[in-house]
Amino acid sequence: MFLYLSKLLPLFFYPLGLTCIFLLVALFMLWKRPRTAAIAITLALILLLFSSNAWIPNLLVRSLEWQYLPPAQIPNAEAIVVLGGATKPALPPRPGVDLNETGDRVIYAAQLYRQNKAPVIILSGGRIDWEDNQGLAESEDMAQILTSIGIPSEALIQESESLNTYQNAVNVKKILESRGIRRILLVTSAMHMPRSLLIFKRQGIDAIPAPTDFLVTSSDMQGLASTPKAAILSLLPDSSNLHKFTGAAKEYVGIFVYRLRGWL
């Protein structure tokens, strides 16, 4: 039940869901209380403009992503741990498993392995049944991608039960203890890294952050007001900015909820 509520309830705090609530309020109040309806519509518009311009989402995403910038030299470890959420299952009409927009973490894990940063890759991720009850576990999907690009199957360890980041850490810890592994490289998206690292460290795991999939670069920040035209365009609403804002909001909500549950 917690897993379901953790996916459902935050939707009412994200910009799109909250905007819909304001507009529904306006719709019901339009005839009897037009002033209230006007206020609700105004709030919806302000929220959308606030969350879909380039400035606020980029600053919010940067506040998460830049907490753990990759060092010039990644240290060696005993295992590379890759968190799920990076694949789309091999369901028709897809010819095979696809990588989604966070699929960089799978490729980055392969690169780290080929650089001899660790001898094994632990793939952690199950499959939420109400989202897709036909696909394989995400760990299996990631394994298919990695073997298809030349990573030997004997170097892959699958953990296919986890349905959230907390379960990732708990289940990976069992694998580490059974194999006597003490130090890992933790690979996930840069925006997801602060919460992930806190959870893994809370489990007593010596995890070195190896973030990838950065959405905001130094060039992006410099370009926001590099010219008058850029400054104006940066203020205009854009769906990609709304997506960034929602992703960052999801992480901050996740950090808050996980702290309440004592997982951080």
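Me: Leaving aside neighbours within four places in sequence, which residues is Lys-244 in contact with?
Reply: Outside that window of four places, Lys-244 is in contact with Pro-57, Asn-58, Val-61, Leu-215 and Val-216, where contact means heavy atoms within 4.5 Å. This is a predicted model, in which local features need pLDDT of at least 70 and side-chain atom pairs count only at pLDDT 80 or more, while totals for chains, interfaces and linings use all residues. Residues are numbered from 1 along each chain as its sequence is written, and side-chain values use heavy atoms, with hydrogens and water left out.

Me: Where does Lys-244 lie?
Reply: Lys-244 belongs to helix 11, which covers residues 239-260; helices (H or I, at least four residues) and strands (E, at least two) are DSSP runs numbered from the N terminus.

Me: And which side chain of opposite charge is nearest to Lys-244?
Reply: That is Asp-220, 5.1 Å away, and Lys-244 has no salt bridge although it is buried. A salt bridge here is a side-chain nitrogen of Lys or Arg within 4 Å of a carboxyl oxygen of Asp or Glu, and buried means under 20% relative accessible area, with exposed over 50% and partly exposed in between (1.4 Å probe, protein chains only).

Me: What joins the side chains of Lys-244 and Asn-58, then?
Reply: They share a polar contact of 3.0 Å. A polar contact is a pair of N or O atoms within 3.5 Å; within protein, one must be able to donate a hydrogen and the other to accept it, and residues adjacent in sequence count only if both atoms are side-chain atoms.

Me: Changing topic, how many salt bridges does a search of the whole structure find?
Reply: The search finds 4. One of the salt bridges is formed by Asp-141 and Arg-127, whose closest N and O atoms are 2.4 Å apart. That pair links distant parts of the chain, with Asp-141 in helix 6 (residues 138-148) and Arg-127, 14 residues away, in the loop between strand 4 (121-124) and helix 6.

Me: Are Asp-141 and Arg-127 buried or exposed?
Reply: Both Asp-141 and Arg-127 are buried.

Me: What about Arg-183 and Asp-206, how do their side chains meet?
Reply: They meet in a salt bridge of 3.9 Å, taken from N to O. Arg-183 is in strand 6 (residues 183-189) and Asp-206 in strand 7 (residues 206-212), so the pair links parts of the chain that are 23 residues apart. Arg-183 is partly exposed, with a relative accessible area of 36%, and Asp-206 is likewise partly exposed, at 38%.

Me: Back in helix 11, which residue does Glu-251 meet in a salt bridge?
Reply: The partner of Glu-251 is Arg-195, at 2.9 Å from N to O. Because Glu-251 lies in helix 11 and Arg-195 in helix 8 (residues 193-202), the pair ties together parts that are 56 residues apart in sequence. Glu-251 is buried, with a relative accessible area of 7%, and Arg-195 is buried with a value of 7% too. Leaving aside neighbours within four places, Glu-251 is in contact with Leu-64, Met-191, His-192 and Arg-195.

Me: Last one: what percentage of the protein's residues count as buried?
Reply: Of its 264 residues, 45% count as buried. The secondary structure comes to 11 helices and 7 strands, and the C-alpha trace spans about 65 × 45 × 40 Å along its principal axes.

Key:
Lys and Arg count as positive and Asp and Glu as negative; His and the chain ends are not counted.
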